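Hi,

Here is the structure I promised to pass on. Have a look at it first, and then read my notes below.

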Amino acid sequence: MEKKNKILNIEEIQTYYGVSHVIQGLSMHVEKQEAVSILGRNGVGKTTTLRSIMGLTPPRSGNIYINGARTTKWQPHKISKMGVAYVPAERHIFPGLSVEENLMMAARPGNGNDAWTLEKVCDHFPVLAERTKQDGSTLSGGEQQMLAIGRALISNPEIIIMDEPSQGLSPLLVQMITDVVLKFCIKSGITMLIVEQNYRMALKVASRHYLMGTKGEIVKVASTKELVDNPDIIQSHLSV
Ligand SMILES: Nc1ncnc2c1ncn2[C@@H]1O[C@H](COP(=O)(O)OP(=O)(O)OP(=O)(O)O)[C@@H](O)[C@H]1O
Ligand SMILES: [Mg+2]
């Protein structure tokens, strides 16, 4: 039986690209309202793990449960409908669509007064409010990341899955994105699964961390406190 408080539960998945066996037996879980990170060197399979969860590269075997439902071989649109928002590393802003249209494509009704609407996104992201009619693909990298996060929020998800939100951004923008993730996602009760190369950011936003080995397997699970108290753990896993 699935435990109810596990919003995401992954059991022993095996994911391939053709004959290339990338994820060789990965198990992990995320509890409701938890913020969890996956840390690992380049190319170990972090993005592939997120693609497996989203149904974009489904695992060949093993199980993925979202809120107790076995979603392992489901189509991506059905998985999003379970309340899962995916913010890919490339951000996937639709060219030819304005900022507002990019947001509205993802909009889904939420519960109660706290629900994210176009108005609420504009109130909370002044950078987007000033540019609602601008083509989304002409935004700067940092603005596009804000739009990608706004687009996740406006779908009023239960869980947001983010792939390297800090990628390619200046330290100041990384700080801004970190603040946005903390304030609008984590403190407002949205569950988070975040992949980050920038482990300083991961330590700021997540409370539990999965360290991924070279076969896409989990070699260690640690709390933020354990990693802060023992920086050697991160060094030995992430340095080349
Ligand atoms: N579409 C694909 N076809 C074939 N191999 C792929 C494909 N996408 C990724 N891979 C391979 O799968 C492995 C894992 O890639 P993945 O993108 O999941 O790594 P990652 O941990 O996210 O790396 P990074 O930190 O660089 O983003 C790599 O060896 C990569 O070359
Ligand atoms: Mg990646």
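What follows is a walk through the ligand site, the helix beside it in my notes, the sheet and the salt bridges.

One caveat before anything else: this is a predicted model, so please read every value below as computed from it.

**Ligand 1**

I started with the ligand. The residues around ligand 1 are Tyr17, Val22, Arg41, Asn42, Gly43, Val44, Gly45, Lys46, Thr47, Thr48, Glu164 and Gln197. Sorted by class, that shell has 6 polar, 3 nonpolar and 3 charged residues. If you want to know where the largest share of the shell comes from, look at helix H1 (residues 46-54), which gives 3 residues.

Three contacts with oxygen atoms of ligand 1 are worth displaying. Lys46 uses its side chain: an N or O atom there is 2.7 Å from an oxygen atom of the ligand. Asn42 also comes in through its side chain, with a polar atom 2.9 Å from an oxygen atom of ligand 1. With Gly45 it is the backbone, where an N or O atom lies 3.0 Å from a ligand oxygen. As for cover, ligand 1 exposes 630 Å² when taken alone, and the protein buries 56% of that.

**Helix H1**

How much of H1 is covered? Most of it, with 7 of its 9 residues buried. The buried ones are Lys46, Thr48, Thr49, Leu50, Ser52, Ile53 and Met54. Two of these names, Lys46 and Thr48, will be familiar from the residues around ligand 1. Lys46 therefore counts as buried under the 20% cut-off on relative accessible area, with only the protein chains considered as cover. Just after the helix ends, Gly55 takes a positive phi of about 80 degrees.

**The sheet**

Next, the strands. There is an open sheet of 4 strands in the order E2-E1-E4-E5, and the pairing is antiparallel. E2 and strand E5 (69-70) are the edge strands, each pairing on one side only. Inside the sheet, strand E1 (residues 6-17) and strand E4 (residues 61-66) run antiparallel and are joined by 5 bridges. If you want a place to check the register, Gln14 stands opposite Ser61 in E4.

**Salt bridges**

The structure holds 7 salt bridges, and I looked at several of them in detail.

Arg208 and Glu34 form one, with their closest N and O atoms 2.5 Å apart. This pair links distant parts of the chain: Arg208 sits in strand E9 (residues 208-212), while Glu34 is in the loop between strand E2 (20-31) and strand E3 (35-39), 174 residues apart. Both Arg208 and Glu34 are buried.

Glu100 and Lys133 make another, at 2.7 Å from N to O. Here too distant parts of the chain are linked, with Glu100 in helix H3 (residues 99-106) and Lys133 in the loop between helix H5 (126-129) and helix H6 (141-153), 33 residues apart. Are these two buried or exposed? Glu100 is partly exposed, at a relative accessible area of 23%. Lys133 counts as exposed because its relative accessibility is 65%.

Then there is Arg131 with Glu143, where the closest N and O atoms are 3.2 Å apart. Arg131 lies in the loop between H5 and H6 and Glu143 in helix H6, so the pair ties together parts that are 12 residues apart in sequence. Arg131 counts as partly exposed because its relative accessibility is 21%. Glu143, at 16%, counts as buried. The two side chains also register as a polar contact, again at 3.2 Å. Glu130 belongs in this picture as well: Glu130, Arg131 and Glu143 are linked in a network of salt bridges.

**One last spot**

While you are looking at that part of the chain, note Pro126 in helix H5. Pro126 is partly exposed, with a relative accessible area of 48%. Between Pro126 and Met146 the C-alpha to C-alpha distance is 10.0 Å, and the two are 20 residues apart in sequence.

That's the lot from me. Over to you!

Note on methods. Residues numbered from 1 in each chain as written. Chains lettered and ligands numbered in written order. Predicted model: local features only at pLDDT ≥ 70, side-chain atom pairs only at ≥ 80, totals over all residues. Heavy atoms only, no water. Salt bridge = Lys/Arg side-chain N within 4 Å of Asp/Glu carboxyl O. Helix = DSSP H or I, 4+ residues; strand = E, 2+ residues; numbered from the N terminus. Buried < 20%, exposed > 50% of the residue type's maximum accessible area, 1.4 Å probe, protein only. Near = heavy atom within 4 Å. Polar contact = N/O pair within 3.5 Å; in protein donor to acceptor, adjacent residues only side chain to side chain. Areas by Shrake-Rupley, 256 points an atom, 1.4 Å probe, with all protein chains shown as cover. Nonpolar A, V, L, I, M, F, W, Y, C, P; charged D, E, K, R; others polar. Pairing = 2+ DSSP bridges.
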